[in-house]
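Trainee: I'm new to this one and would love a walk-through. Can we take it piece by piece?

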Amino acid sequence: MAEEFKYSCNTASETLQWIHAIINFIAPYRYFLDAHVVNFFKDRLWEPVDKEWMDCLRKESVGNLLRIPSGVVQDHWPGSLKEFILTLRSLSLSREQADFQEFSGMHIASLNNVLAQGMNHKKKHEQVEALSALVSLVAKQVGARTVVDVGAGQGYLAQVLAFDYQLSVIAIDACSHHGKITDARAERIRKHYAAKMRKNCSEQREFSVPKTVTCRVLSSDTLSALSNSPVENDHAGNQHLSQKCSVSQPSRLAEDILPSRSYSDSTLVIAGLHACGDLSVTMLRTFLECDKAKAVISVGCCYNLLSEEAIDIADSCCGFPVSQGVKSAGVMLDKNARDLACQSADRWRGLDEHAGLHNFELHALRAAFQIVLFRHYPNILLESPAIGRQGKALRRQQNQRILESNLHHGGPSESGRLHLPHLEDTAYSAVWRESESYFELIGPYWSLRAALGSVLETLILLDRLLLLQEYDSDLEASLLPIFNPVLSPRNMAIIAKKIRK
């Protein structure tokens with residue numbers, strides 16, 4: 001059986017060895033990586049899978065299937081199946097949340113009600129508490145007083161860093177509406193603190209208010225121009241910055257956006273909480289290219305949105321791969337594989353039997369409807385509509401209605417939403433009869449495919465880590481799971497610091 005946790009990534013050579021082990025192992029399983037489960041029946045996706053595995057798992061309980069992505073095996077399973085699952089587990093990064101008590105000088109303080117207002121307690125609240133404490137610690141270690149919050153959203157992290165940790169913060173986001181919300185929220189917080197000090201007759205002090213910049217960061221040049229611009233500490237009440245910049249002239253961002261006074265000794269930290277797609281990679285490249293950036297803390301997400309088009313170009317700035325080591329290996333992960341990297345083994349393991357069965361039934365019904373589209377509405381597939389992407393609440397309601405009916409009732413419901421011409425019930429019934437005998441295979445197939453998710457995410461993260469390790473020996477870089485993986489599946493932070501004196 002596979003030996004667990006035998007890999008490390010403390011050096012570039014160790015990281016590359018781990019990456020090659022992953023690449024070599026997943027190579028025979030491209031049929032899982034490249035597949036789209038909606039085509040399960042249409043393309044008979046179960047046929048390339050080891051028949052002994054499928055014959056075994058089709059009789060397995062839903063609970064045991066849901067534990068497969070977490071690397072849990074059963075004694076009576078075939079040896080080759082157990083080897084597959086356990087090897088995937090050994091090749092994957094550990095997702096267990098780090099014990100921050102081991103970090104000297106780091107203290108995670110609970111947010112007060114004012115700063116926590118609007119945050120989801122189970123998710124954003126805990127994320128912001130942990131990440132803000134980590135960013136503050138790293139900023140102190142590198143002697144920086146300024147943080148550039150990339151993909152700042154509504155400014156939750158930026159405001160905690162500014163008001164709780166008294167750091168100067170530039171909050172960058174592509175959405176001008178988010179910038180306005182950040183500004184308005186920061187002003188409410190500032191007034192609350194000021195009123196509290198007056199009420200307590202305590203000494204009045206000025207507050208650091210985040211500066212907001214509306215800018216779509218499309219390249220490291222854009223972000224580097226912002227980061228290299230003169231930055232002054234803003235402790236003058238609500239005199240914050242909120243302007244919109246153009247990405248067409250990144251070289252002009254400095255003079256157009258940020259204060260004009262120069263601080264030649266200023267240093268900064270680049271931070272991002274779930275910066276989407278290529279934006280997380282742009283943060284890392286900017287850290288390497290920008291002299292003022294002394295540290296970066298990046299928690300990425302949305303691997304499905306990473307760009308890969310330019311893999312054959314040596315100086316490509318695509319989102320994957322980014323390191324020379326992985327580029328040299330010629331690895332490609334298409335959108336389906338990168339979607340798979342977003343799976344959450346911890347969340348699936350926590351589902352009960354009913355919820356797990358519900359998940360498998362939805363996949364089966366959607367795959368059956370794909371046959372209907374393929375045979376009777378081929379133009380819909382060519383146009384590639386985002387079927388089923390109407391929002392969580394509406395999707396849950398429609399899923400429940402589908403489960404409470406049979407397929408020939410569910411089919412016209414989808415057809416109506418897609419504005420398709422009416423189709424006779426006999427057509428849906430024929431698809432149902434054809435697919436029904438294979439329904440029990442979709443749970444095993446889905447679980448085996450989902451088991452590859454954690455190792456694909458590991459490959460993406462190790463590629464980013466290797467980019468940093470290849471760059472300079474005077475640089476410390478590491479991966480750290482900083483959130484509870486059940487509450488926040490994308491819980492791995494890349495932390496890097498320049499240690500050159």
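Mentor: Sure, and keep in mind that this is a predicted model. Let's begin with Ser344, which is found in the loop between helix H14 (335-340) and helix H15 (345-349).

Trainee: Is Ser344 buried or exposed?

Mentor: Go by its relative accessibility, which for Ser344 is 9%. The cut-off for buried is under 20%. Because Ser344 has 9% relative accessibility, it counts as buried.

Trainee: Which backbone nitrogen does the side chain of Ser344 reach?

Mentor: Look further along from the loop between H14 and H15, where Ser344 is found. The contact is at 3.2 Å, and the backbone nitrogen belongs to Arg347.

Trainee: Now another loop residue, Asp43. Where is Asp43 found, and is it buried, exposed or partly exposed?

Mentor: Asp43 is in the loop between helix H2 (30-33) and helix H3 (51-57). Its relative accessible area is 40%. Buried needs under 20% and exposed needs over 50%. With 40%, Asp43 is therefore partly exposed.

Trainee: How far apart in space are Asp43 and Ile371?

Mentor: In sequence, Asp43 and Ile371 are 328 residues apart. In space, taken C-alpha to C-alpha, the separation is 9.4 Å.

Trainee: Ile371 makes me curious about helix H16. What span is expected for H16 at 1.5 Å a residue?

Mentor: H16 covers residues 353-376, so count 24 residues, and the expected span uses one less than that number, times 1.5 Å. In the model, H16 reaches 35 Å from its first C-alpha to its last. That is close to the expected value, 34 Å.

Trainee: At the start of H16, which residue's side-chain oxygen reaches the backbone nitrogen of His354?

Mentor: The oxygen comes to within 3.3 Å of that nitrogen of His354. The residue it belongs to is Asp352.

Trainee: Which ring does the charged end of Lys42 sit over?

Mentor: The charged end of Lys42 is 4.7 Å from the centre of that ring. Lys498 has an arrangement of this kind too, with its charged end over the ring of Phe287, 4.9 Å from the centre. For Lys42, the ring is that of Phe374.

Trainee: On to rings that pair with each other. What kind of aromatic pair do Phe25 and Phe84 form?

Mentor: The structure holds 16 aromatic pairs. For Phe25 and Phe84, the centres are 6.0 Å apart and the planes differ by 25°. Planes under 30 degrees apart count as stacked, so the angle of 25° makes this pair stacked.

Trainee: How many residues apart are Phe25 and Phe84?

Mentor: The pair links distant parts of the chain, with Phe25 in helix H1 (residues 12-26) and Phe84 in helix H5 (residues 79-91). Both Phe25 and Phe84 are buried. Along the chain, they are 59 residues apart.

Trainee: And what kind of aromatic pair do Phe40 and Trp46 form?

Mentor: Phe40 counts as buried because its relative accessibility is 0%, and Trp46 does too because its value is 10%. Their rings are 5.0 Å centre to centre, with 50° between the planes. That pair is tilted.

Trainee: Let's do strands. Which residues of strand S1 are on the side with Val147?

Mentor: S1 (residues 146-150) has five of its five residues buried. Both faces are covered, with Thr146, Val148 and Val150 on one side. The other side has Val147 and Asp149.

Trainee: Which helix does the chain pass through from S1 to S2?

Mentor: Five bridges join S1 to strand S2 (residues 168-173), and the two run parallel. In S2, Ile172 is the bridge partner of Val150. The β-α-β crossover from S1 to S2 is right-handed and goes through helix H8.

Trainee: What is the bridge partner of Thr146 in S5?

Mentor: S1 pairs with strand S5 (residues 268-276) in the parallel sense, over four bridges. In S5, the partner of Thr146 is Leu268.

Trainee: Last one: which residue in S8 stands opposite Ala295?

Mentor: Strand S6 (residues 293-301) is joined to S5 by eight bridges, and those two run parallel. Five bridges join S6 to strand S8 (residues 492-498), and here the strands run antiparallel. Opposite Ala295 in S8 stands Lys497.

How values were computed:
Residues numbered from 1 in each chain as written. Predicted model: local features only at pLDDT ≥ 70, side-chain atom pairs only at ≥ 80, totals over all residues. Heavy atoms only, no water. Buried < 20%, exposed > 50% of the residue type's maximum accessible area, 1.4 Å probe, protein only. Pairing = 2+ DSSP bridges. Right-handed = clockwise from strand over helix to strand, strands pointing away. Polar contact = N/O pair within 3.5 Å; in protein donor to acceptor, adjacent residues only side chain to side chain. Phe/Tyr/Trp six-rings, centres within 6.5 Å; stacked < 30°, edge-to-face > 60°. Lys NZ or Arg CZ within 6 Å of the ring centre and 35° of its normal.
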